[in-house]
2 protein chains.
Amino acid sequence: MSRVIPVKRNASPATPGPSTGQRILDVAEQLAQTRGFNGFSYADIAEELALTKASLHYHFPSKAHLGSALLQRYHQAFGEALEAIDRESGGAGEKLRRYVGLYDSVLQNNRMCLCGMLAAEFATLPAQMQHELRSFFDANEIWLAAVLEKGRHAGEFAFRGPPKQRARIVVSGLEGAMLVACAYRDGRRFRSAAKQILADIRTGSARANGATAE
Amino acid sequence: MSRVIPVKRNASPATPGPSTGQRILDVAEQLAQTRGFNGFSYADIAEELALTKASLHYHFPSKAHLGSALLQRYHQAFGEALEAIDRESGGAGEKLRRYVGLYDSVLQNNRMCLCGMLAAEFATLPAQMQHELRSFFDANEIWLAAVLEKGRHAGEFAFRGPPKQRARIVVSGLEGAMLVACAYRDGRRFRSAAKQILADIRTGSARANGATAE
DNA sequence: GTCTATAGGTGGATAGAC
DNA sequence: GTCTATCCACCTATAGAC
């Protein structure tokens, strides 16, 4: 009755914890986001997890496999985050703010967006990773474009041009802001830019020239 | 009199052509912009120039030296391009358009902006390159902020917020648009985004809601 | 300035024992 | 699943001849 409960998050006895495969991906992801896919090696992961390189190859036969698994997991997690936003958020404005929040939380962990990082390394990536990377950006733009269109229809947004095109600007702007913020190790730089990007969408030319300017 | 003039750009006899050091930098720059600083080796340069790796080390003792030289030359060339714009352009709008044109010409060579690429690799760069990289972005922002401020004062621009902050958005937006365009090998993606960024600056909230919207 | 030759290290990857 | 041991290709860099 009075036995001390071990410090586990889960109530079930003998909580398994993340599998080795997941832990490998966790470390690889962190390294890829901070140093790039070409900026880390199996040796780096092995050291962090106190394993050998050979063990890693059991779970991911080649670095190309590891990279693909990384992208697929990242894409899925991002997709689930977007679904959560869709479920829990009311207006398009709130959705967009939470979308930007996803980027911000990445940066607060001193990381670059995995896909922005990989975009820079695009020419050196295995073919499958290249396709998965585009797939990620495509999905992002589709989701964003839908939010933008709804928001403009509802009168929350007032940007010009087709929503799809605007979605690309937003993705580009956020990725670029992260990129530069990385070079300054300064999250405020990113948040300041993100705020402006959101403001540009909200006001556009529809808001009359008035007190809110400047 | 009727001697065939050899195909050289220069009239002087025995035109020297670019020095070996310059040719090394040319190749290194192209490789760094397409594959990243960690994505190429001395062997790649040596092969392209039909030299040996050892010869390269004579000109640039270490890869850190090579990288620094690369950044310094790039920074200087960019600075000279900005000076040319200042000299030859009338209005702020034209200056801004030509500034975007600098980015576009890089992309048309199927390259990423050197400094955007290096920003992604920031964590893995030698310390001096990190400082030089920031110096590049700083200089960009200063130049841009001045153009933006003048343009707004002259009534050509109508963006909101401080020029310095807006300058950062523009740089971020252009770098991000290049980054994503690289992953799609599609320059139109960049130009479309660049057009929007320029439009956002011109119109802001100062232009009345009228026929030009949409 | 450019070469040959080589050092010393690290990269991804495999074979086979346990 | 994880290990030891090893392979081979490639990396940056240096020594010394020409």
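1. A salt bridge here is a side-chain nitrogen of Lys or Arg within 4 Å of a carboxyl oxygen of Asp or Glu. By that rule there are 6 salt bridges between chain B and chain A. One of them joins the side chains of Asp200(B) and Arg166(A), with 2.7 Å from N to O.

2. The model is predicted: local features need pLDDT of at least 70, and side-chain atom pairs count only at pLDDT 80 or more, while totals for chains, interfaces and linings use all residues. Residues are numbered from 1 along each chain as its sequence is written, chains are lettered from A and ligands numbered from 1 in the order in which they are written, and side-chain values use heavy atoms, with hydrogens and water left out.

3. The protein–protein contact (heavy atoms within 4.5 Å) involves 49 residues of chain A and 48 residues of chain B. Buried area is the accessible area (1.4 Å probe) that two parts lose on being put together, summed over both. Between chain B and chain A this comes to about 4,400 Å², and carbon and sulfur atoms give 53% of that area. Of the area that chain B buries against chain A, 14% is supplied by Arg160(B), Leu179(B) and Tyr184(B), more than by any other three residues.

4. A polar contact is a pair of N or O atoms within 3.5 Å; within protein, one must be able to donate a hydrogen and the other to accept it, and residues adjacent in sequence count only if both atoms are side-chain atoms. Between chain B and chain A, 14 residue pairs are in polar contact, both residues being at pLDDT 80 or more.

5. Which elements of chain B each supply at least two residues of the side that touches chain A? They are α1 (20–35), α6 (114–120), α7 (127–153), α8 (163–184) and α9 (187–203). Helices (H or I, at least four residues) are DSSP runs, numbered from the N terminus. The largest share, 14 residues, comes from α8(B). By class, this side of chain B has 20 nonpolar, 14 polar and 14 charged residues. Ala, Val, Leu, Ile, Met, Phe, Trp, Tyr, Cys and Pro count as nonpolar, Asp, Glu, Lys and Arg as charged, and the others, Gly among them, as polar.

6. DNA strand D is surrounded by 17 residues, the closest being Thr52(A), Ser55(A), His59(A), Ser41(B) and Lys63(B); a residue is near a strand if one of its heavy atoms lies within 4 Å of it. Of the strand D atoms that come within 4 Å of the protein, sugar and phosphate account for 63%. A phosphate oxygen of strand D lies 3.2 Å from a polar side-chain atom of Tyr58(A), and a phosphate oxygen lies 3.0 Å from a backbone N or O atom of Tyr42(B). His57(B) instead places a polar side-chain atom 3.2 Å from a base nitrogen. The surface near strand D draws two or more residues each from α3 (53–59) of chain A and from α2 (42–49) and α3 (53–59) of chain B. Its largest share, 4 residues, comes from α3(A).

7. DNA strand C also has 17 residues around it, and the closest are Ser41(A), Lys63(A), Thr52(B), Ser55(B) and His59(B). Sugar or phosphate supplies 61% of the strand C atoms within 4 Å of the protein, and bases the rest. A polar backbone atom of Lys63(A) is 2.7 Å from a phosphate oxygen of strand C. Side-chain N or O atoms of Thr20(B) and Tyr58(B) are each 3.4 Å from a phosphate oxygen of this strand. The largest share of the surface near strand C, 4 residues, comes from α3(B).
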